[in-house]
Amino acid sequence: KKKKKDKKKKRGGNEQAEFDKKLAQLLRRLNVDVDEGLLWRTVRVRPTDLGSLRDARFRDFVTRCRSHVHQATQGRVGYVCVPCSDEQGFGEFYRDFGGESGKEGLIVDARCNAGGFISELVLKQL
């Protein structure tokens with residue numbers, strides 16, 4: 001049994017090494033220096049201002065809501081959030097609409113939307 005585990009570890013290590021080698025080749029073609037240090041590292045990122053933090057939290061909120069809708073409906077219903085009715089709100093809607101609109105149903109979340117001038121453009125897409 002130990003020999004089988006060792007073979008699996010070796011194979012997994014070889015696959016990772018092969019993947020790293022292919023990645024390094026690709027990065028070299030893009031003129032990225034990969035000869036020094038590791039290819040992978042974990043970095044903790046902090047937002048530099050409250051606007052960035054708000055945007056990151058909003059993106060997390062939308063991702064959680066979409067995931068919940070997909071899970072609850074077995075992927076049959078899409079979810080799109082329209083946080084406001086200006087250029088930013090339409091951008092958020094348009095970014096997600098293409099991937100979510102091909103489902104049986106679509107939830108358009110307009111909670112806390114104070115209104116604006118983009119609502120007609122959103123309605124045209126529906």
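**View A. Aspartate 96, a buried residue in helix H3.** Aspartate 96 has 12% relative accessibility, so it counts as buried (under 20% relative accessible area; exposed is over 50% and partly exposed is in between, with a 1.4 Å probe and protein chains only). Its home is helix H3, residues 87-100 (helices are DSSP runs of H or I with at least four residues, strands are E runs with at least two, and both are numbered from the N terminus). Leaving out residues up to four places away in sequence, aspartate 96 touches Arg59, Val62, Arg66 and Val80, where contact means heavy atoms within 4.5 Å. Keep in mind that this is a predicted model: local features need pLDDT of at least 70, side-chain atom pairs count only at pLDDT 80 or more, and totals for chains, interfaces and linings use all residues. Residues are numbered from 1 along each chain as its sequence is written, and side-chain values use heavy atoms, with hydrogens and water left out.

**View B. Strand S1, covered on both faces.** Strand S1 spans residues 77-81, and 5 of its 5 residues are buried, so the rest of the structure largely encloses it. In a regular strand, side chains alternate between the two faces of the sheet. Here Val77, Tyr79 and Cys81 sit on one side, Gly78 and Val80 on the other, and all are buried.

**View C. S1 side by side with S2.** S1 pairs with strand S2, residues 105-109, in the parallel sense over 5 bridges (pairing takes at least two DSSP bridges between the strands). Going from S1 through H3 to S2, the chain makes a right-handed β-α-β crossover; that is, with the strands pointing away from the viewer, the path from the first strand over the helix to the second runs clockwise. Look for tyrosine 79, whose bridge partner in S2 is isoleucine 107, and for cysteine 81, which stands opposite aspartate 109 in S2.

**View D. Two cysteines, no disulfide.** The structure holds 0 disulfides, a disulfide being a pair of cysteine sulfur atoms within 2.5 Å. For cysteine 65, the nearest cysteine sulfur is that of cysteine 81, 7.2 Å away. Cysteine 65 counts as buried because its relative accessibility is 16%, and cysteine 81, at 5%, counts as buried too.
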